[in-house]
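Student: I have this model open and have not looked at it before. Can we go through it together?
Tutor: Yes, bring it up and ask as we go.

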Amino acid sequence: MPHHSAGSRRCSISRRVALTGLSLLFFGGCGQRTNEPRLVAEPEAPAAASGATATPPPAVEESFEPPALETIDRDARWIDRPVKDALTLLRAEQDAEPLKATVAEALTLRNDTPSNNAAILSALGQLPAEGAADLEARIDRHVAGDLGSTNPILISSNAEFDILGLTGFGLFSFDRQLEPFANAETVVSWQTSADGLIDKVVLRDDLVWSDGRPITAHDVAFTYRVIMDPRVPVPAVRSGTDQLRGVHAYDDRTLVFFHREPLATNVWNINFPVLPQHVYEKTWEDDPTLKDSPAHVALEEKPICGGPYEIVSRKRGQEIVLRRRDSWSTVKGKKVRDVPYFRDVRFRIIEDPNTALLALKSGEIDEMVLQPEQWTTQTIDDDFYRLNTKATAPEWVSFHFAWNIDTPFFADRRVRRAMSYAFDHDRMLEKICLGLYEPCAGNFPPGSWMAGPKKLAPGKQDLDKAEALLDEAGWTDHDNDGIRDKEIDGRIVPFEFTLLVNQQPFRIAICTLLKENLEQIGVIVNVRPVEVTALQETMQKRSFQACFSGWGSGTDPDTSENIWKTGEMRNYSGYSNPEVDRLFVEGRRELDRGRRAEKYARIQEILYEDQPYLWLFWRNSFYGFSKDLRGYVFSPRGPYHYSPGFGSLWKPRAE
Amino acid sequence: MAHRSSGFWAEAWRRYRRRPLGIAALGFVGLLVVIAVFAPAIAGTKPVLCRYKGRLYAPCLGYFDRRLEPAIFAKDKFRGTYPKNLAAKDPESWAIWPLVFQDPYRPVRADEWPGRPENPAMDQGHPTWSNLFGTDQGGVDVFAKMVHGTTIALLVGFVSMGIAGTIGIVVGAIGGFFGGWIDSVTSRLTEIVMCIPTLVLILAIVAIIEKPSIWHTMAIIGFTGWTGIARLTRGEFLRIRGSEYVTAARASGAGPLRIMVRHILPNALAPILVPITFGIAAAILTESGLSFLGFGSPPPSASWGSVLNGARSNLAMWWLVVFPGTAIFLTVLAYNLIGEGLQEATDPRLREARK
């Protein structure tokens with residue numbers, strides 16, 4: 001997926017990214033959940049409800065009557081918002097930076113030092129010079145799981161976000177610094193009223209769906225109505241959208257978003273995927289699942305696409321092939337947008353990371369995420385460097401042990417802190433993560449604006465403190481069997497709990513380390529590997545005691561409200577703190593970035609004190625790339641999930 | 001019954017002894033039993049026997065069941081490491097240590113044992129004098145894992161085939177002896193159970209149970225693996241129940257239970273023992289396969305299959321393949337040789353064919 005045409009790829013990517021952000025926030029977010037690539041492919045259906053709980057009045061106000069456009073224009077003082085072309089932005093950024101190596105040099109380097117990594121990223125991350133890209137090229141991408149749906153508003157897993165990024169239509173996007181903008185490939189202008197309650201967007205008039213019908217503002221307004229209909233099982237994209245008061249198309253090109261409140265997050269709430277109205281308006285009322293009726297089944301196989309690519313074939317469990325559509329870049333015989341850099345994008349579905357690495361080494365796939373062990377021991381020889389190279393960059397994905405606070409074990413904050421003191425953080429970072437990952441102490445990425453200036457001290461093992469805290473909390477060995485216990489409701493309850501984890505050896509190793517550490521101080525852990533979807537279900541039902549899991553950060557800190565606020569859907573720990581609840585609401589209402597940051601920094605401090613999670617590490621991006629690939633640039637959300645993201649990748653023309 | 005049919009069994013043993021491979025196989029299984037029983041004394045980090053604060057303890061029993069590990073060491077904050085703590089907390093103490101100071105469940109840390117370096121992790125754990133069979137990715141000693149895994153391998157075979165043998169003989173005996181509609185019922189039951197895919201059932205059960213353990217696996221293998229034994233027993237009973245001595249027993253007033261247990265079973269046992277022996281081999285393979293796929297005993301487990309599983313991600317770590325692979329191969333081979341020897345020693349037709 002190197003570049004799609006600049007415009008198209010951007011749109012799609014931006015939308016997708018935004019969605020990912022949203023999904024993180026609200027629903028369980030397969031995309032957000034930071035499983036390893038394959039694990040990420042988890043369908044998370046029951047998310048729909050979460051959005052509803054997050055914001056009190058989610059139902060569409062049927063009564064909302066949009067005022068006339070003249071009235072709005074007369075009353076509002078418009079502030080122009082950025083409309084940008086992501087590739088142009090990236091090109092300008094790259095032109096300003098000196099190259100650290102030539103392409104030829106970079107291709108001979110082994111990525112074993114930070115300076116070599118920087119050289120590889122610098123030289124191979126460049127956009128193509130005029131005519132240098134092979135526009136007939138195909139890229140074979142690796143995904144770890146199949147699609148649940150190809151319908152843009154039913155997406156929830158990582159693979160679905162990946163595909164939608166290329167086939168879907170979107171108005172908004174965000175760049176490498178996660179700053180939002182309107183996409184110049186689809187949008188002419190974007191204005192926000194000075195009171196922050198209205199967004200006005202003018203669409204371009206040269207946009208068509210893959211069936212040749214024009215894409216208009218009415219499609220967007222129609223999609224909003226479908227998303228907000230409670231009968232439609234929307235897993236991810238309703239969160240955010242439900243904060244809107246209404247969306248109205250005044251003509252084919254003029255679109256107005258009405259907000260309930262001037263929130264800092266409004267800019268994310270107006271970013272959702274778009275359905276073709278002419279296709280769905282006849283069918284969706286009869287089959288609100290959007291999946292079951294014959295018409296919808298046919299659309300599932302061959303969706304009408306608004307992005308630069310369309311799906312041409314699909315073998316379940318094996319591959320999905322996308323092809324660039326000409327009607328994206330050329331409309332009515334005129335070239336209106338750049339041509340995406342790849343003609344075909346083939347997604348190969350390979351679950352097992354070892355199998356995927358073999359496929360990468362033999363040239364069957366062009367890119368994949370590498371596990372720490374793969375990075376350190378299996379991609380260092382000629383066998384790997386013959387066809388490939390690799391690169392790394394920081395990424396906002398963190399992992400933790402989540403405690404179920406409703407169980408007798410973890411209700412007490414002292415016990416949760418004791419867990420952190422008991423765990424051998426250093427050994428995990430050094431021996432299991434092989435020094436590749438950064439320690440994680442809190443929920444916001446260090447150095448990001450929301451984390452605040454204060455640096456939280458990462459956990460450090462201190463068994464004496466751990467034992468003292470457990471003693472203090474009443475967990476001592478009353479019955480002399482070497483295991484701590486406590487009298488609860490007249491019964492002696494031994495401190496023995498089950499720790500759930502998915503079936504990846506890397507994660508099991510971390511859980512086994514906790515087991516070993518806790519056994520030293522008389523606490524018994526039963527490590528139980530379970531299959532990914534079963535794990536997710538258990539977490540949603542909150543019928544676990546402890547589990548190993550991770551989150552990918554959303555684009556905005558507000559996206560994590562549904563992880564920490566009392567009673568929220570993704571608050572699997574059952575954490576509740578009125579101050580945190582209040583700070584999230586305040587943070588959303590606060591428009592000044594600096595003052596907002598203070599709110600979120602305070603939230604992070606409170607969470608650090610309360611330790612609802614035992615935070616473990618930030619997982620950076622580690623990717624293997626074919627030597628034929630160019631143009632990969634990393635953001636805090638990895639090399640693909642922003643704008644241009646995947647759109648900047650390309651393959652050079654054969655000499 | 002034992003001495004009454006001793007002539008037959010003594011004869012069988014005499015014939016069995018003539019097969020050197022069979023004897024070697026028996027010896028190998030015997031060796032495994034010894035290793036399994038004395039596993040904590042062969043490899044471990046807990047003293048086999050120690051004197052601490054004036055009393056004798058055997059902390060190594062904790063490897064069999066953690067409740068057997070004396071609580072005084074937890075109280076005195078030993079935190080799982082004995083050598084230095086013993087000396088520090090009671091200078092008068094002494095201890096008898098296992099032959100190899102390595103733990104099957106965790107890597108030995110630097111200087112835990114005087115002068116011994118930390119176990120190497122990832123792909124650095126080549127076999128050395130400190131780690132006879134190398135270490136796995138987590139730094140856990142493979143030799144210790146293999147020694148303690150012997151218990152699992154043997155238990156899986158004996159327990160699951162014990163269950164299967166009991167059910168199979170009872171069901172087969174009832175069906176074969178009574179015949180008629182009872183036989184129809186037991187035969188259909190056997191056929192139904194034959195249709196249950198063991199592997200799928202194990203995966204399903206593991207998903208359902210709160211705390212799945214190796215015992216569940218054994219039980220499932222046992223409860224689904226008795227069909228062959230039942231069919232063989234039924235055949236034998238059908239054959240023998242028509243013989244003169246059974247008729248004679250019946251004429252002298254013996255009840256059905258007495259006839260079945262005293263008269264028919266001893267004469268039917270020899271051919272039934274053969275599939276049980278082969279079944280033990282199959283059960284060991286099934287358990288190793290499950291552990292290899294990651295569905296075996298919960299981590300950190302010391303089963304042979306789970307060591308093999310570690311090699312999946314990096315085949316360059318040959319010691320994770322060779323040692324457990326050889327152990328599984330030899331054990332399965334040994335049981336098969338025993339089964340074959342038993343078959344030849346007890347089946348007169350095979351003996352005739354040999355001549």
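Student: How many residues of chain A are in contact with chain B?
Tutor: 28 residues of chain A are in contact with 23 residues of chain B. Two residues are in contact if their C-beta atoms, placed from the backbone, lie within 7 Å. This is a predicted model: local features need pLDDT of at least 70, side-chain atom pairs count only at pLDDT 80 or more, and totals for chains, interfaces and linings use all residues. Residues are numbered from 1 along each chain as its sequence is written, and chains are lettered from A and ligands numbered from 1 in the order in which they are written.

Student: Which elements give two or more residues to the side of chain A that touches chain B?
Tutor: They are α16 (372–378), α21 (505–520) and β22 (524–529) of chain A. α21(A) gives the most, with seven residues. Helices (H or I, at least four residues) and strands (E, at least two) are DSSP runs, numbered from the N terminus.

Student: And how do the residues on that side divide into nonpolar, polar and charged?
Tutor: Nine are nonpolar, 12 polar and seven charged. Ala, Val, Leu, Ile, Met, Phe, Trp, Tyr, Cys and Pro count as nonpolar, Asp, Glu, Lys and Arg as charged, and the others, Gly among them, as polar.

Student: Back to α21(A). What does α21(A) pack on?
Tutor: A sheet, so start there: six strands of chain A form an open sheet in the order β18-β24-β17-β23-β21-β22, with mixed pairing. Two strands pair if DSSP finds at least two bridges between them. The edge strands, each pairing on one side only, are β18 (438–439) and β22 of chain A. α21(A) packs on this sheet, touching β17, β21 (496–501), β22, β23 and β24 (613–618) of chain A. The direction of α21(A) makes about 170 degrees with that of β22(A). Axes are lines fitted to C-alpha atoms, for helices over the stretch in contact, and angles run from 0 to 180 degrees between N-to-C directions.

Student: How many bridges join β17 to β23 in chain A?
Tutor: Seven, between β17 (residues 397–403) and β23 (residues 546–552) of chain A, and the two run antiparallel. In that pair A:His400 stands opposite A:Ser549.

Student: What is the order of the open sheet of four strands in chain A?
Tutor: The order is β3-β14-β11-β10, and the pairing is mixed. β3 (138–143) and β10 (309–315) of chain A are the edge strands. From one strand to the next the twist averages 20 degrees. β11 (residues 319–324) and β14 (residues 344–349) of chain A run antiparallel, joined by five bridges, and A:Leu322 of chain A faces A:Val345 in β14(A) as its opposite residue.

Student: Which helix lies across β3, β10, β11 and β14 of chain A?
Tutor: Helix α8 (residues 158–167) of chain A, running at about 140 degrees to β10(A).

Student: New topic. Which residues touch the most other members of the largest nonpolar core?
Tutor: A:Ala182, A:Val187, A:Val220, A:Ala221 and A:Leu255, in a core of 93 residues. Helix α9 (residues 217–228) of chain A gives the largest share, six residues. A nonpolar core is a set of buried Ala, Val, Leu, Ile, Met, Phe, Trp, Tyr and Cys residues joined through C-beta atoms within 7 Å. A residue is buried if 20 or more other C-beta atoms lie within 10 Å of its own, exposed if 12 or fewer, and partly exposed in between, with C-beta atoms placed from the backbone. Apart from that core lies another of 70 residues, including A:Phe410 and A:Leu518.

Student: Now chain B. How many helices and strands are there in chain B?
Tutor: 15 helices and five strands. Of the 355 residues of chain B, 44% count as buried.

Student: Where is B:Leu32, and why does B:Leu32 count as partly exposed?
Tutor: B:Leu32 is in helix α2 (residues 20–37) of chain B. B:Leu32 counts as partly exposed because it has 19 C-beta neighbours inside 10 Å.

Student: What does B:Leu32 touch, leaving out residues up to four places away in sequence?
Tutor: B:Thr150, B:Leu154 and B:Thr331. B:Leu32 and B:Thr151 are 119 residues apart in sequence, but 8.3 Å apart in space, C-alpha to C-alpha.
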